[in-house]
Amino acid sequence: MLAISEYREVFLKYLKEKITIKEPANLYEPMVYILGLGGKRLRPVLVLMATEIFDKDYKKALDASLAIEIFHNFSLVHDDIMDDAPLRRGKATVHEKWDVNTGILSGDAMLINAYQLFENYEGDTFKELAQLFTKTAIEVCEGQQYDIDFETRDDVSIDDYLKMIEYKTAVLVGASLQMGAIVAEVDEECKKAIYQFGRLLGIAFQLQDDFLDAFGDPKTFGKQVGGDIIENKKTFLYLKSLEVSAEDDARQLEYLYSISPEDNSGKIETVKSIFQKSGAAKLTKEEIEKYTIMAFDVLENISIAEEKKKPLRDFGNMLMKRTV
């Protein structure tokens with residue numbers, strides 16, 4: 001098997017070969033632009049890795065891996081429009097560099113292009129890939145809608161939040177691994193198990209992302225620390241704090257999440273102190289560990305040789321440490 005960095009290099013070479021600028025340029029230039037902004041390429045790497053873990057040539061999964069990456073970036077283009085975000089990975093977002101209409105249309109074309117890539121597979125493989133992709137795509141949209149709804153809801157529960165991050169983030173991780181298993185033509189039990197491994201790891205990853213947003217090192221996190229607090233995002237940390245805080249602290253937290261001061265530094269520090277004082281920070285770490293352990297337990301029970309499990313275990317460990 002290849003190293004993670006080698007899978008990434010193979011994928012990037014394939015992406016550059018397949019995604020090029022053609023006419024009309026204003027439709028395709030934004031696609032090439034967003035796909036060229038970088039990122040860790042975690043999802044396509046997982047597709048390729050899973051295919052080879054199940055004893056099939058990873059090159060047979062290149063089109064499926066490209067479909068996953070195009071879909072992921074399509075969702076980013078539209079998310080940026082909805083959030084009116086000026087930057088993506090330190091560069092101008094598509095709708096800022098061009099305009100909103102171009103961003104919408106290019107995003108639509110990316111979604112269609114992702115589906116087109118499955119046409120390179122035959123018979124049952126094509127059908128399974130398309131069905132999984134359709135299921136995953138609509139779940140990602142549902143997750144995004146839940147996230148939007150939560151901004152104005154005062155009755156969001158922890159179960160609601162876990163469902164939202166499962167749909168918005170985790171299902172795409174699970175689908176990436178299952179697509180590799182589909183290309184490798186393994187049995188249904190293996191397909192379902194590898195999906196569950198990815199789904200659980202994806203939930204752990206998003207919970208950790210929430211935690212690092214508040215308590216991460218700005219030098220290594222890659223995003224503005226405290227961003228979720230500034231945006232009044234009802235994360236696991238926030239919801240758990242409301243659940244376990246003393247009444248006065250819970251009331252103060254709710255108030256702080258109802259305001260948007262020009263200088264957020266005081267708000268961020270006060271909210272973080274409540275997260276810690278209440279024990280929510282510790283409980284969030286325990287939740288991250290719980291989902292990580294659940295993911296690795298699923299992996300242990302997949303019917304593949306131990307040496308085949310090691311790359312996925314290593315990937316999971318690196319993902320949770322943010323070293324991938």
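Is helix α2 mostly covered or mostly uncovered? The points below answer this and then turn to the remainder of the predicted model.

1. Helix α2. This helix is mostly covered, since eight of its eleven residues are buried. The buried positions are A25, L27, Y28, P30, M31, Y33, I34 and L35. The elements that cover these residues include the helices α1 (4-18), α4 (62-83), α5 (94-97) and α6, together with the strands β1 (87-88) and β2 (91-92).

2. Overall form. The protein chain contains 16 helices and two strands. Its radius of gyration is 20 Å, close to the 20 Å that the globule rule gives for 324 residues, so the chain is as compact as a globular protein of that length. Along the principal axes, the C-alpha atoms occupy a box of roughly 60 × 50 × 35 Å.

3. Burial and long-range contacts. Of the 324 residues in the protein chain, 55% count as buried. Among contacts with a separation of 6 or more, 71% join residues that lie 24 or more positions apart.

4. The nonpolar core. In soluble globular proteins, nonpolar side chains tend to be buried together. Here the largest nonpolar core has 104 residues, and F54, M179 and F275 are those with the most contacts inside it. Helix α8 gives the most to this core, with 16 residues.

5. Surroundings of F275. Which residues does F275 contact, leaving aside its neighbours within four places in sequence? They are A214, F215, I229, L237, Y238, S241, L253, Y257, A280 and A281. F275 also belongs to the lining of the second largest cavity, as do A214, I229, L237 and Y257.

6. A buried lysine. K272 lies in helix α14 (residues 265-278). With a relative accessibility of 17%, K272 counts as buried, because the cut-off for that class is under 20%. Leaving aside neighbours within four places in sequence, K272 is in contact with A214, F215 and I229. These three residues also appear among the contacts of F275.

7. The largest cavity. Rolling a probe the size of a water molecule over the atoms shows where empty space is left. In this model there are two cavities of 30 Å³ or more, and the largest has a volume of about 70 Å³. Its lining consists of L42, R43, L46, T169, V173, F205, F315 and L319. Helices α3 (42-53), α8 (158-183) and α16 (306-321) each supply at least two of the lining residues, and the largest share, three residues, comes from α3. By class, the lining has six nonpolar, one polar and one charged residues.

8. The second largest cavity. This cavity holds about 30 Å³ of space. Its lining is formed by D210, D213, A214, D228, I229, T235, L237, Y257 and F275. Helices α9 (188-215) and α11 (227-230) each supply at least two residues, and α9 gives the most, with three. The lining divides into five nonpolar, one polar and three charged residues.

9. The second largest pocket. The volume of this pocket is about 270 Å³. Of the 14 residues that line it, K22, Y28, M31, N113 and Q116 are the closest to its centre. Two of these, Y28 and M31, are among the buried residues of α2. The elements giving two or more residues to the lining are α2 (25-35) and α6 (100-117), and α6 gives the most, with five residues. By class, the pocket lining has eight nonpolar, four polar and two charged residues.

10. E166 in helix α8. E166 is found in helix α8, the helix that gives the most to the largest nonpolar core. Not counting residues up to four places away in sequence, E166 touches V171, R199 and I203. The C-alpha atoms of E166 and V140 are separated by 8.7 Å, and these two residues are 26 residues apart along the chain.

Notes: Residues numbered from 1 in each chain as written. Predicted model: local features only at pLDDT ≥ 70, side-chain atom pairs only at ≥ 80, totals over all residues. Heavy atoms only, no water. 1 Å grid on protein atoms, 1.4 Å probe; cavity = no way out; pocket = protein on both sides within 12 Å on 5 of 7 lines; lining within 4 Å. Points joined across faces, edges and corners; volume = space filled by probe spheres on them. Helix = DSSP H or I, 4+ residues; strand = E, 2+ residues; numbered from the N terminus. Nonpolar A, V, L, I, M, F, W, Y, C, P; charged D, E, K, R; others polar. Core = buried A, V, L, I, M, F, W, Y, C linked by side-chain atoms within 4.5 Å. Buried < 20%, exposed > 50% of the residue type's maximum accessible area, 1.4 Å probe, protein only. Contact = heavy atoms within 4.5 Å. Rg over C-alpha atoms; globule rule 2.2 N^0.38 Å.
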